[in-house]
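User: Please take a close look at the ligand site in this model and describe what surrounds the ligand.

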Amino acid sequence: MPTWIDRLREEHTLPDEGYRELLTTTERETVETLFEAARTSALNTFGNKVFIRGLIEVSNYCRNNCLYCGIRRGNREVPRYRLSKEQILSCCAEGYAIGIRTFVLQGGEDNRQTTTWLADVVKAIKSAYPECAVTLSLGEKDEADYRALSDAGADRYLLRHETYDEEHYARLHPREMSGAHRKECLYVLKRAGFQTGTGVMVGSPGQTTEHLVQDLQFIRRLTPEMVGIGPFIPHHATPFRDEPGGSIDLTLRMIALCRLMLPAALIPATTALATLGGTDGRLRGIRCGANVVMPNLSPRENRANYELYDNKVHSHSESAQGLIELDAQLRTIGYTISLERGDHINFSNHKTS
Ligand code: 5AD
């Protein structure tokens, strides 16, 4: 089986059989070899640097009713909020002050945050912080909307395909949504000039190894700049409340396989991984080839209401002290934070236990 790993390392692609075996093998040694190969790949491309992206959760209103998601339309328990332009800009200011140079605006599919309004917000961020990247994660839109947001200056867009298989997609989503449309959006995003991110939840209800194999083949064909992979975690106010959560080990295997397929991709150690696996979960993600962490910059009073799944961790890395702590954790495994330009916190001067 190590031959599959060698082949993936060299050719960045495998036949289904190779992915299947690497996802299911019970030989620990093989799994460790996979993780090590992915780690080495990331180290070769990025060194021991982990990129930081500031996440701003702009609205928890959502017109969709995805069966797994805590902010689904049908969840009447959650108080809804949407941030104003001023609030978003003040989140950016807070992030900028501690050295963050990429802002990720994520939200439910909220009709009231119109494209015109969003484009204005993007322009305001870009004019206040011309050297910063703006990433959007706002779901499915029409081509004209994606283009308008790209024209406004947004650089990147995250839209997980969630699962390649359309029947499986239909099991996770209400009738009015389709896997085909989701995937189409990704190609439209690319055409509109975005650096594009996709990804899946690992262990979503009904997911099989074959589904994951197809996800990997799709990710390889799409060749996104970013890939987000996290374990499914049940949320108490959704139809999947009693379903088991995804496996950390399988999530790590998926991260490692994506790293070897796409050596230059930006792959976060996701909050879902940190939620299931604690601090260790995040570090394990890094050691399997992830190279991005996304601290939360959302206003503190809204955070509890952006719960896509239960017990979502609320890290404090949005503060300077939090970033120093994150850096200290990363240093225990030989990594360090990269703020790209303008990093004016000198981490090596701060001692934290
Ligand atoms: N568990 C894990 N991840 C989830 N997401 C949504 N709900 C859950 C859940 N219950 C993920 C989806 C979405 C991303 C923003 O969060 O993959 O694309």
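Analyst: For the list that follows, a residue is counted as near the ligand if one of its heavy atoms lies within 4 Å of it. In this predicted model, the residues around the ligand are Tyr 68, Cys 69, Gln 106, Arg 160, Glu 162, Met 201, Pro 231, Phe 232, Ile 233, Leu 308 and Tyr 309. Sorted by class, this shell holds eight nonpolar residues, one polar residue and two charged residues. Some members of the shell also place polar atoms beside the ligand: a polar side-chain atom of Glu 162 lies 2.5 Å from an oxygen atom of the ligand, while at Ile 233 a backbone N or O atom lies 2.7 Å from a ligand nitrogen atom. At Leu 308, a polar backbone atom is 3.4 Å from a nitrogen atom of the ligand. Of the 400 Å² of accessible area that the ligand has on its own, the protein covers 87%, and the ligand sits in the largest cavity.

As for confidence in the prediction, the protein averages a pLDDT of 93, with 94% of the residues scoring at least 70. Over residues 341–353, however, the pLDDT is below 50, and this stretch has 24 contacts in the model beyond near neighbours in sequence.

Terms used. Residues numbered from 1 in each chain as written. Predicted model: local features only at pLDDT ≥ 70, side-chain atom pairs only at ≥ 80, totals over all residues. Heavy atoms only, no water. Polar contact = N/O pair within 3.5 Å; in protein donor to acceptor, adjacent residues only side chain to side chain. Areas by Shrake-Rupley, 256 points an atom, 1.4 Å probe, with all protein chains shown as cover. 1 Å grid on protein atoms, 1.4 Å probe; cavity = no way out; pocket = protein on both sides within 12 Å on 5 of 7 lines; lining within 4 Å. Sits in = over half its atoms within 2 Å of the grid points. Nonpolar A, V, L, I, M, F, W, Y, C, P; charged D, E, K, R; others polar. pLDDT = per-residue confidence, 0-100. Contact = heavy atoms within 4.5 Å.
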